[in-house]
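Here is a short set of exercises to work through with the model open beside you. Try each task on your own before reading its solution.

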Amino acid sequence: MPHHHRGPRPALPAAATRLLRRPRLLIVGCGDVGQRVARLLDPRWRLIALTSDAARVPALRALGIRPLVGNLDEPATLRRLGALAPRVLHLAPPPGHGADDPRTAHLLQALARRAPPGGHRLVYGSTTGVYGDCAGARFDETRPVAPASDRARRRVAAEARLRQAGRGGRLKATILRIPGIYAGDRPGGHPRERLLRGTPVLRAEDDVHTNHIHADDLARACVAALLRGRPQRVIHACDDTELRMGDYFDLAADLCGLPRPPRIGRAEAVQRLSPMQMSFLSESRQLVNRRLKDELRLALRHPSVASGLLA
């Protein structure tokens, strides 16, 4: 048979090759912070988001994200996840009960089915609540965890699963431990509402140290961790503010031109505040964020809440 020489394939237009070359990211739990990450990365990245709520599909599409409907509580809906993207941003909270996080277990099972060569690179949004009460101590990421609530125990369980998968070589996981997230344009993310309600805070001698991060800086920390996070590494994603909680609300009140909140003792607070509010008032710690700056090379836009609350 005569051999027909096929000429060179027509080159793809430059725009198409750029599209194919874009790095891919799967966002699991695409709420406020996930959407801020998407705004930072679109259109240079191909973004896919897992959502359990089909009603959110149009809003995600509008952000340039390809939505995928699936539920971390239903492993059968996650079959395709592993093949979608080599990088994963896991911001989905654990369930609201128990001391484990089956959602992270289901996500890891799905990713393991179709891991890229070298495994997935995953960034997990955990919480600084894993440390429990530290009596105001100042410390870095080497401090052992001591969760005091089931909410924190679920996060410790998720972190442990991620590190275990990392040791098995299937995953390079960077864990961001996140304190209180705030932003004027985040639902419930500004102390204004609480100040308007006149919710009391603790008097100075009973007060706790608190830590914060502006939602925009947290989104930038997520991106930095996806690009530069070391495997199996924990990082405090917090700003430089050193404040007790009452002083934080005083500062916010002054910036908003609102009256400062009333101060009460701990015994009265137990009577007047919800168990959830009291759980935040029973843990005091000051986080060192050197790894955030040195390893992730993040320059905070809002190093203090004083600038962030005005933003």
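Throughout, buried means under 20% relative accessible area, exposed means over 50%, and partly exposed lies in between (1.4 Å probe, protein chains only). Helices (H or I, at least four residues) and strands (E, at least two) are DSSP runs, numbered from the N terminus. The model is predicted, so local features need pLDDT of at least 70 and side-chain atom pairs count only at pLDDT 80 or more, while totals for chains, interfaces and linings use all residues. Residues are numbered from 1 along each chain as its sequence is written, and side-chain values use heavy atoms, with hydrogens and water left out.

**Exercise 1. Describe the overall architecture and the annotated domain.**

Step 1: Start with secondary structure; the protein has 12 helices and 15 strands.

Step 2: Turn to the dimensions. Along the principal axes, the C-alpha atoms fill a box of roughly 95 × 40 × 40 Å.

Step 3: Look at burial and contacts. Of the 311 residues, 48% count as buried. With contact meaning heavy atoms within 4.5 Å, 75% of the contacts between residues at least 6 apart in sequence join residues at least 24 apart.

Step 4: Add the record. An unreviewed UniProt entry carries the annotation "domain: NAD-dependent epimerase/dehydratase" over residues 31-233; UniProt positions are given in the numbering used here, feature names are shortened, and annotations may be inferred rather than shown by experiment. Over residues 31-233 the chain is 33% helix and 22% strand, with 24 Å between the end C-alpha atoms.

**Exercise 2. Find the buried residues of α2 and work out how this helix packs on α7.**

Step 1: In α2, the buried residues are Val-33, Gly-34, Arg-36, Val-37, Ala-38 and Leu-41.

Step 2: Ask what lies over them. The cover includes the strands β1 (24-28), β2 (46-51), β3 (65-69), β4 (87-90) and β8, together with helix α7.

Step 3: Take the helix pair. The axes of α2 (residues 32-41) and α7 (residues 215-228) come within 9 Å and cross at roughly 65°. Here axes are lines fitted to C-alpha atoms, for helices over the stretch in contact, and angles run from 0 to 180 degrees between N-to-C directions.

Step 4: Assign the hand. The crossing of α2 and α7 is right-handed: a crossing is left-handed if the near helix is turned anticlockwise from the far one by less than a right angle, and right-handed if clockwise.

Step 5: List the partners. α2 brings Asp-32, Val-33, Arg-36, Val-37, Leu-40 and Leu-41, and α7 brings Ala-215, Asp-216, Leu-218, Ala-219, Arg-220, Cys-222 and Val-223.

Step 6: Sort them by class. The α2 contact with α7 has nine nonpolar, no polar and four charged residues, where Ala, Val, Leu, Ile, Met, Phe, Trp, Tyr, Cys and Pro count as nonpolar, Asp, Glu, Lys and Arg as charged, and the others, Gly among them, as polar.

**Exercise 3. Why is Cys-222 not bonded to Cys-30?**

Step 1: Set the criterion: a disulfide is a pair of cysteine sulfur atoms within 2.5 Å.

Step 2: Apply it. The closest cysteine sulfur to that of Cys-222 belongs to Cys-30 and is 11 Å away, so the gap is too far for a bond.

Step 3: Try Cys-238, which is in no disulfide either; its nearest cysteine sulfur, in Cys-134, is 13 Å away. The structure holds zero disulfides.

Step 4: Check exposure. Cys-222 is buried, with a relative accessible area of 1%, and Cys-238 is buried at 1%.

**Exercise 4. Locate the unusual backbone geometry.**

Step 1: Recall the general rule: most residues other than glycine have a negative phi, and most peptide bonds are trans.

Step 2: Inspect the peptide bond from Asp-42 to Pro-43, which is cis, with omega near 5°. Pro-43 is found in the loop between α2 and β2.

Step 3: Inspect Ala-135, whose phi is positive at about 55°. Ala-135 lies in the loop between β5 (120-127) and β6 (138-139) and counts as exposed at 70% relative accessibility.

Step 4: Inspect Arg-297, where phi is near 55°, again a positive value. Its place is the loop between α11 (290-294) and α12 (305-310), and Arg-297 is exposed, with a relative accessible area of 58%.
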